[in-house]
Structure formats: C-alpha cells, structure tokens
Amino acid sequence: MSSQTRKATHAGSWYTRSASELSADLGKWLNAAPSVSEFKPARAIIAPHAGYLYCGRCGAHAYKQVDPTKVKRVFILGPSHHVRLSGCALSTTTSYATPLYNLPIDTQIYSELFGAGHFQKMSIQTDEDEHSIEMHLPYIAKVLESIQGQFTIVPVLVGALSTEKEQFYGRIFAKYLADPSNLFVISSDFCHWGSRFRYTHYDKSCGEIHQSIQALDHKGMRFIEKLDPVGFTNYLKEYGNTICGRHPIGVLLNAIVSLQEEQRNRHQMSLKFLNYDQSQQCRSKDDSSVSYAAASFVLR
C-alpha cells in the first residue's frame, strides 16, 4: 500500500472546504439531535451520504449515538456508484483527508482482509470519484475529535453483491462487529424517486406521492429493524426500491445474524431508525426526491 492520502474531492461542492464552517455545521446538527440512551453507544450506524445541505441534519441522529470513549477503529461500508464490482474493494492509500484532519487507515486490518483473498484493490481514481465513503469522514472526524490520532478507519467499497456474497462478507465482518472497540458506519440513502432515477412506484392509497415513498421506505426499514436479511432481500425484489446502500446494509444484517448464531443469542442486539427525511416532498410525476434515514445498532 502506497503512502498516499486520498484527497477530499467532494469538499467545496457537496460540503464546505472551510474547516471552521464545517465544524460549526456538524456541531449545530449534532447539538440538535437527541441522545437516545437505549441505542447508545452505537456499535453500528446507518446514515446517508448526500450533500450536507440535504442530509446533514438527518445523519446527526445516527452519529449522536456514537461514544468516542469506546471507539478505536471505524469500518465504513459504502456502495460503489461508478464502477462495476461484484465483491468488495479496499483503498490503496494510507489515509483519507478531511478539511478537519486526516484519518489514518488501519493497515493491520487491511492486511488481514487482503490476506483472506476476497478483497480487490480500488484505483485511486475510483477511490476519489466515490462519495459514499467520503461523505461520512467529516462526521467521523467531528464526533471523534476528542480522540484525534488515537483511532483508525477501515474504508470498504461494496459492490453489487449477490445474496450469497452478502452472507459471505457478513461472516467475514462478524468478528470485527463483535469487538466493542469497533464502530461500523453503513452508508446508504433510501428511495431515489422520479423519472430521472427510473423509479416511480406510487401507491395512491397512501395519499400524496411523498407519503407513498415514506410508506415504502418504512416497510424496508422495518425489515432492517427486525435484523432480517432474508425479509429485506425479498422486500427489495418485490418493490425494487432504489436504496443505494442495500448491499452494505445486507452485509451488516448478515454479520449480525452470523454473530447471533456464533454467540447463541448471549447478547442483546437491537437496531432502531431514529430519523427519516426527504430532499423534497414529491406531489407530481415531474418531481423527484431522495430519502434519508439514520439508525443506530447496539450490542449488549
């Protein structure tokens, strides 16, 4: 792995490149989000990866449940938007830049994952073109600023996995999820609705289009809260909902199931969605929107 830093390529467009402004924005959203004791400290969170203007507030509801005193390592599982990938890929760099400070990659964990023989290397262009991982880095840097320099990150680009591969990678990540010093960040937006996304499912019995979208998203979110990867997969097959992080979510759910089987339910595990939002409320077929949701998973 080359000693190269991945640039913050979306700073200045998807979020501000000013460290002081960025810190203030993130702090404002985090201060406004409630701390939910039943879902804290988070072992894993699900949060969106759109521009902060659209989803910064929503993401704070997940990040508020992170306890920096517990975290030594952050796994970030983000979907691949630009390259075809049938498995998972790792970065060839040694750190990721943010306007706040740089985040070092955990080379030991990368060596373990590469050593298993089931992870590809992503090119620096693929790495820097992708936004699904980068959009979480400033939030990670902000919530863990009290332990700056004392934690590492493990960025993982997740491809269009088959059900079997979601199970396979879930088993790989289960042992890391079991470690209380690890935090998993699952990067996903929810429904992308409108002709520009080629998805216009509308159940008129729900009311307005945006109400139908919300009902559809919540139907999928319930399977995730039940920690049910099979139910979630069947839901996606039935409705085709355009949840871009469906495969990272599938890997998390399968890691949880694998952990439940290994530990024979010795631990209490629960996941709850704490916030839901839409970029705008669609009312006509000419409108479009992207949905965002924030969840926390705890393991006790």
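## A walk through the fold, starting at strand E8

Strand E8 is covered on both of its faces: Thr152, Val154, Val156 and Val158 are buried on one side, and Ile153, Pro155 and Leu157 are buried on the other. Bear in mind as you look around that this is a predicted model. In E8, which spans residues 152-158, 7 of the 7 residues are buried, so the strand is largely enclosed by the rest of the structure.

What does E8 pair with? Strand E3 (residues 73-79) joins E8 in the parallel sense over 7 bridges, and strand E4 (residues 88-90) joins E8 in the antiparallel sense over 3 bridges. If you would like landmarks on screen, find valine 74, which stands opposite isoleucine 153 in E8, and cysteine 88, which stands opposite valine 158 in E8.

A smaller piece of pairing can be followed elsewhere. Here 3 strands form an open sheet with mixed pairing, in the order E1-E5-E6. Strand E1 (5-6) and strand E6 (103-104) are at the edges with a single partner strand each, so one side of each has no neighbour in the sheet. Strand E5 (residues 95-96) runs antiparallel to E6, and 2 bridges join them. Serine 95 is the residue opposite proline 104 in E6.

The table gathers the strand pairs described so far.

| Strand pair | Sense | Bridges |
|---|---|---|
| E3 and E8 | parallel | 7 bridges |
| E4 and E8 | antiparallel | 3 bridges |
| E5 and E6 | antiparallel | 2 bridges |

Now for the nonpolar interior. The largest nonpolar core has 98 residues, and those touching the most other members are Ile46, Tyr63, Val74, Leu144 and Phe173. Val74 is the residue already met opposite isoleucine 153. Leaving aside residues up to four places away in sequence, isoleucine 46 touches Ala62, Ile186, Phe190, Ile224, Ile249, Leu252, Leu271, Phe273, Ala293, Ala294 and Ala295.

Serine 289 is worth a stop too, as part of strand E12 (residues 289-299). Is serine 289 buried or exposed? Its relative accessibility is 1%, so with a cut-off of under 20% serine 289 counts as buried. Its contacts, again not counting residues up to four places away in sequence, are Cys191, His192, Trp193, Phe197, Ile213, Ser279, Gln280 and Cys282.

Helix H8 (residues 229-239) makes a good last local stop. Its buried residues are Pro229, Gly231, Phe232, Thr233, Tyr235 and Leu236. Which helices do they pack against? The partners are helix H6 (163-177), helix H7 (209-225) and helix H9 (246-263). Both ends of H8 have something to look for. At its start, a side-chain oxygen of aspartate 228 comes to within 3.3 Å of the backbone nitrogen of valine 230. Just after the helix, glycine 240 has a positive phi of about 65°.

Finally, step back to the whole protein. Its secondary structure consists of 9 helices and 12 strands. The radius of gyration is 18 Å, close to the 19 Å that the globule rule gives for 300 residues, so the protein is as compact as a globular protein of that length. Along the principal axes, the C-alpha atoms fill a box of roughly 55 × 45 × 40 Å. Of the 300 residues, 57% are buried. Among contacts with a separation of 6 or more, 82% are between residues 24 or more positions apart. The protein exposes about 12800 Å², with carbon and sulfur atoms supplying 47% of that area.

Definitions and conventions:
Residues numbered from 1 in each chain as written. Predicted model: local features only at pLDDT ≥ 70, side-chain atom pairs only at ≥ 80, totals over all residues. Heavy atoms only, no water. Helix = DSSP H or I, 4+ residues; strand = E, 2+ residues; numbered from the N terminus. Buried < 20%, exposed > 50% of the residue type's maximum accessible area, 1.4 Å probe, protein only. Contact = heavy atoms within 4.5 Å. Pairing = 2+ DSSP bridges. Core = buried A, V, L, I, M, F, W, Y, C linked by side-chain atoms within 4.5 Å. Polar contact = N/O pair within 3.5 Å; in protein donor to acceptor, adjacent residues only side chain to side chain. Rg over C-alpha atoms; globule rule 2.2 N^0.38 Å. Areas by Shrake-Rupley, 256 points an atom, 1.4 Å probe, with all protein chains shown as cover.
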